[in-house]
Structures are given as structure tokens and as C-alpha cells.
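Reader: I am a first-year student, and I would like a close look at a single part of this protein, namely the charged side chains that pair up and what surrounds them. Please take me through it slowly and connect it to the rest of the chain.

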Amino acid sequence: MVLGVLGNGLVLIVKLVCKDHFQCLYWLPLFSLTLSDFFCSILIICGSLLAVLSDGQISPWCEVVSLLKFTFITSSIGSIAILCVQRFMGIPSKGKRLSVVMAVACVASWCTGAVFGAVPVAYEWIRYDPAEMLCAVFWESSYSDMLVYILCAFSISIFVPFLLILCCSILTCAGFGKKCSSQDDLSSITPLLVILYLFCYAPFAASELVLLGRLDLTPSPEWLRSLSSVMAYLDCCLNPFIYCTNKDFRKAVLILVWNKRRSTSPEPVLTGITRLEL
């Protein structure tokens with residue numbers, strides 16, 4: 001929780017305050033991804049910690065957490081998919097008409113997650129799950145309802161972005177994408193973001209697929225549900241470290257820290273120069 005809040009908060013500040021010190025042609029999906037991780041760290045991970053300490057979550061916070069959880073999952077994979085499409089097609093986040101389409105798609109990923117997250121709340125399918133350490137969807141009456149909901153949610157919110165990520169990443173690595181960004185651009189971290197997201201959310205996808213195969217509506221194994229929550233939290237707190245693998249972004253972070261230090265201490269004075277033989 002601490003790493004997620006502080007790390008993503010720092011990344012957001014650097015993107016807003018020090019944006020002139022690093023190149024970022026595809027800033028919109030990266031900003032959306034960081035915003036999703038930041039709010040997930042504050043609301044979901046913090047809510048999970050409080051639930052563990054208090055042995056559960058009460059209504060209406062229980063329903064709100066369930067809704068936001070799916071919203072953040074969908075917005076994250078949607079933002080990464082849009083980033084992959086922009087890199088492949090060479091569409092910057094400003095300056096072209098297609099950039100408006102990318103912005104609408106980014107907003108749509110948030111709205112789609114909110115819609116699918118609201119359905120279990122409306123039908124009262126939500127209750128606290130000690131294994132996941134937060135409120136989740138439980139199916140106790142109808143297998144057909146579960147089947148329709150999971151298939152619709154996964155096919156629209158998860159499977160389509162996953163296909164875009166997979167296809168655009170493979171084509172870009174194969175050299176078919178447009179060369180509109182250099183290795184210094186912040187989007188160079190995209191492969192790391194993709195690998196980390198797919199790795200961390202694999203247990204979540206596995207737990208849902210296991211659930212589909214159980215006609216008696218028994219939930220997935222507790223260890224798998226716990227692992228899915230922990231790995232999702234891990235994704236939120238590791239993304240800021242991936243941003244820092246970009247050299248120019250690291251410089252922007254140092255500039256922000258240095259300027260903050262200068263505002264609270266006297267300006268340093270150059271006292272000498274030492275020549276180094278290289």
C-alpha cells in the first residue's frame with residue numbers, strides 16, 4: 001500500500017510538473033494507467049488492509065470496493081492496450097485526429113469497468129471474501145447468471161484488450177510498427193508493463209476460469225483467490241519502478257527532488273572544477 005501510494009503519487013507529480021524534461025509521445029494511456037494504480041493503492045489495497053484488521057467490510061463500502069476493483073482492472077488493461085495500439089500505429093496523444101479516438105477509448109475503458117462492476121452490486125451478488133481480503137462476487141443461485149456475466153465481462157473488458165496487446169506487441173517487436181518514437185521515449189517501457197500486468201493478473205484470470213468449470217457454484221480454491229489479490233496489488237506497486245528504468249524519467253525525478261531541496265535550503269555555490277581524464 002505504501003509503495004503503491006507513494007510510488008504512483010511521485011510518478012503522477014513528475015508527469016505533471018516535470019513533463020518538459022522527458023519525451024512522452026503517448027502520455028494519455030500512461031497517465032491513465034498510473035492514475036488507476038494510484039487510486040487502487042489508496043482505495044482497494046487500503047480497504048483490504050482495513051478489512052483484514054477489522055475482520056470484514058460493511059455495506060455500502062463493501063459494494064463500492066467491488067465496483068471499483070473491476071473498474072481499475074479494466075482501466076489498467078484498457079490503458080495498456082491503447083498504449084500498444086498507439087505505439088504500433090504511431091499515433092501520439094496530441095496533434096492528430098486519431099488521438100481523439102484514443103482518448104475516447106481510454107475513457108471508455110473506465111466506463112466499461114464501472115458498468116460491469118455495477119451489475120453484481122445491483123443484483124446483490126456481493127459479500128466479503130476472507131480469502132481475497134475484500135468484497136467479491138459470489139454465485140449461490142444460478143449457474144447461467146454466472147456464465148453469462150463472466151463471459152460478457154471477460155470477452156468485452158478483458159479478452160479484446162488482451163488481443164490488442166498481444167497482436168500489437170508482436171507486430172511492433174517484429175518491426176511492422178511505425179517508427180515514431182525513440183528508445184528515449186517513455187513508451188519504451190511498454191514491454192515491461194505488458195509482461196508485469198499479464199504475470200500479475202494471471203491468477204485472477206485462472207480463478208475465474210476455474211469458477212466457470214464448477215457447476216455446483218463452489219468458489220475457486222482459497223489459495224488461488226488470495227494469490228490473485230496479492231499479485232494484483234503487486235502490479236500496482238511495481239509499476240513506478242518500471243517507469244524509473246527510463247533514463248530521462250529518472251532525470252526528471254532527480255530534478256523534482258533537487259528543486260524541492262533547493263526551495264528549502266540555500267542555493268549551492270560553485271567552488272571549484274576538477275578535470276577528469278577519460
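Author: Arg225 is buried in this predicted model, with a relative accessible area of 9%, and its side chain meets that of Asp129 in a salt bridge, with 2.7 Å from N to O. Because Asp129 lies in strand β1 and Arg225 in helix α7, the pair ties together parts that are 96 residues apart in sequence. Asp129 also counts as buried, since its relative accessibility is 1%, and the cut-off behind that word is under 20% relative accessible area. In general terms, side chains of opposite charge can pair when their charged atoms come close.

The count of salt bridges comes to two, and the other pair deserves the same careful reading. Glu132 forms a salt bridge with Lys69, and the closest N and O atoms are 2.7 Å apart. Glu132 is in the loop between β1 and β2, while Lys69 is in helix α3, which covers residues 61-89, so this pair ties together parts that are 63 residues apart in sequence. Glu132 is buried, with a relative accessible area of 9%, and Lys69 counts as buried too, at 17% relative accessibility.

A useful contrast is offered by Lys15, a residue of helix α1. Lys15 is buried yet takes part in no salt bridge, and the nearest side chain of opposite charge, that of Asp37, is 8.2 Å away; a salt bridge would need the nitrogen within 4 Å of a carboxyl oxygen. Lys15 does have polar partners, however, for a polar contact of 2.7 Å joins its side chain to that of Thr34, and another polar contact, of 3.1 Å, joins the side chains of Lys15 and Tyr243. If neighbours within four places in sequence are left aside, the residues in contact with Lys15 are Phe22, Leu30, Phe31, Thr34, Leu186, Tyr243 and Phe249, so that Thr34 and Tyr243 appear both in this list and as the polar partners just described.

From here we can return to the loop that holds Glu132, because Met133 is also found in the loop between β1 and β2, where β2 covers residues 134-137. The backbone of Met133 has a phi near 65°, a positive value in a residue other than glycine, and Met133 counts as partly exposed at 21% relative accessibility. Glu124 is found in the loop between α4, residues 97-122, and β1, residues 126-129. Its phi is near 55°, again a positive value in a residue other than glycine, and Glu124 is exposed, with a relative accessible area of 71%. These values are worth noticing because most residues other than glycine have a negative phi.

The loop between α6, residues 190-212, and α7, residues 222-243, contains Thr218. Thr218 is partly exposed, with a relative accessible area of 30%, and although Thr218 and Trp139 are 79 residues apart in sequence, they are 7.9 Å apart in space when taken from C-alpha to C-alpha.

For the outside of the protein, it helps to look again at helix α1, which also contains Val2. Val2 is exposed, with a relative accessible area of 54%, and Val2 makes a nonpolar surface patch of about 610 Å² together with Met1, Leu6, Leu49, Leu50 and Leu53. Helix α1, residues 2-17, and helix α2, residues 27-54, each supply at least two residues of this patch, and α2 gives the most, with three residues.

These parts can finally be placed in the whole. The protein has eight helices and two strands, and, read along the sequence, they follow the pattern α-α-α-α-β-β-α-α-α-α. Of the 278 residues in the protein, 45% are buried, and the protein exposes about 14,900 Å², of which carbon and sulfur atoms supply 71%. Among the contacts with a separation of 6 or more, 79% are accounted for by residues 24 or more positions apart, and the salt bridge of Asp129 with Arg225, the one with which we began, joins parts that are 96 residues apart in sequence.

Terms used:
Residues are numbered from 1 along each chain as its sequence is written. This is a predicted model: local features need pLDDT of at least 70, side-chain atom pairs count only at pLDDT 80 or more; totals for chains, interfaces and linings use all residues. Side-chain values use heavy atoms; hydrogens and water are left out. Patches are made of residues with over 30% relative accessible area and no salt bridge: like charges are joined within 9 Å, nonpolar side chains (Val, Leu, Ile, Met, Phe, Trp, Tyr) within 5 Å. Accessible areas come from the Shrake-Rupley method with a 1.4 Å probe; for residues, only the protein chains shown count as cover. Helices (H or I, at least four residues) and strands (E, at least two) are DSSP runs, numbered from the N terminus. Buried means under 20% relative accessible area, exposed over 50%, partly exposed in between (1.4 Å probe, protein chains only). Lys and Arg count as positive and Asp and Glu as negative; His and the chain ends are not counted. A polar contact is a pair of N or O atoms within 3.5 Å; within protein, one must be able to donate a hydrogen and the other to accept it, and residues adjacent in sequence count only if both atoms are side-chain atoms. Contact means heavy atoms within 4.5 Å.
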